[in-house]
Amino acid sequence: MLKAKPNLELRIRTLKMDWSIVYDMLNGKNNSGLCWDEHRQFVVAKDVVWNSYINSQKEAGLFKHHSFPYYDQLSAICAKDQATRRNGQTTADIIEEIDVEDVATTNTHEERNDFYG
């Protein structure tokens, strides 16, 4: 008896990880010469480019000979969640932002109460 939830969660995690690898290949640093073939759902590049990229990113080697047919659909779902170094936030940053918003909201409510008080 297999339980569906753990299997589905693992499959989703695997798909997101594979999507992230392909996304980084196409949008990340040192990706010159790597292109997406929309028709074949395949990352294409010259062998020299592939070998150079695979030397620095071992996990990308899988996609040299395999297509990734879910790239477009997963891009629509996951691309907005992909953090960049410039816009990435740590948990501490997020908590600090929430605290600042809470203080601003509290001050606004207090000012209204003083005005109508």
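Contact here means that heavy atoms lie within 4.5 Å of each other. In this predicted model, and leaving aside neighbours within four places in sequence, Met 25 is in contact with Asn 31, Leu 34, Val 43, Trp 50, Tyr 53, Ala 60 and Phe 63.

**Overall architecture**

The secondary structure of the protein comes to four helices and two strands, and, read along the sequence, these follow the pattern α-β-β-α-α-α. Of the 117 residues of the protein, 21% count as buried. Among contacts between residues at least 6 apart in sequence, 52% join residues at least 24 apart.

**The nonpolar core**

In soluble globular proteins, nonpolar side chains tend to be buried together. The largest nonpolar core in this model holds 18 residues, of which Val 22, Met 25, Val 43 and Phe 68 touch the most other members. The elements that give two or more residues to this core are H1, helix H2 (47-56) and helix H3 (71-78), and H1 gives the most, with six residues. Met 25, with which this report opened, is thus one of the core residues that touch the most other members, and Val 43, another of these residues, is also among the contacts of Met 25.

**Packing of H1 against H3**

How do the axes of H1 and H3 lie with respect to each other, and what is the angle between them? The two helices pack at an angle of about 90 degrees, with their axes 10 Å apart; since angles of 65 to 115 degrees count as roughly perpendicular, H1 and H3 are therefore roughly perpendicular to each other. On the H1 side, the residues that meet H3 are Leu 15, Lys 16, Trp 19, Val 22, Tyr 23, Leu 26 and Asn 27, and on the H3 side they are Tyr 71, Leu 74, Ser 75 and Cys 78. Val 22 therefore appears both in this helix pair and among the core residues that touch the most other members. Cys 78, from the H3 side, is buried, because its relative accessible area of 7% is under the 20% cut-off.

**Salt bridges and cysteines**

Side chains of opposite charge can pair when their charged atoms come close. The count of salt bridges in this model comes to two, as set out below.

| Pair | Closest N to O distance |
|---|---|
| Lys 5 and Glu 9 | 4.0 Å |
| Arg 40 and Asp 37 | 2.7 Å |

Lys 5 and Glu 9 both lie in helix H1 (residues 4-27), where they are four residues apart, about one turn of the helix. Lys 5 is exposed, with a relative accessible area of 58%, whereas Glu 9 is partly exposed, at 40%. In the other pair, Arg 40 is partly exposed, with a relative accessible area of 47%.

As for the cysteines, the count of disulfides comes to zero. Cys 35 counts as partly exposed at 43% relative accessibility, while Cys 78 is buried at 7%.

**The loop between the strands**

Glu 38 lies in the loop between strand E1 (35-37) and strand E2 (42-44), and it is partly exposed, with a relative accessible area of 46%. The C-alpha atoms of Glu 38 and Pro 69 are separated by 9.3 Å, although these residues are 31 residues apart along the chain.

Note on methods. Residues are numbered from 1 along each chain as its sequence is written. This is a predicted model: local features need pLDDT of at least 70, side-chain atom pairs count only at pLDDT 80 or more; totals for chains, interfaces and linings use all residues. Side-chain values use heavy atoms; hydrogens and water are left out. A salt bridge is a side-chain nitrogen of Lys or Arg within 4 Å of a carboxyl oxygen of Asp or Glu. Buried means under 20% relative accessible area, exposed over 50%, partly exposed in between (1.4 Å probe, protein chains only). A nonpolar core is a set of buried Ala, Val, Leu, Ile, Met, Phe, Trp, Tyr and Cys residues joined through side-chain atoms within 4.5 Å. A disulfide is a pair of cysteine sulfur atoms within 2.5 Å. Axes are lines fitted to C-alpha atoms, for helices over the stretch in contact, and angles run from 0 to 180 degrees between N-to-C directions. Angles under 35 degrees count as roughly parallel, over 145 as roughly antiparallel, 65 to 115 as roughly perpendicular and the rest as oblique.
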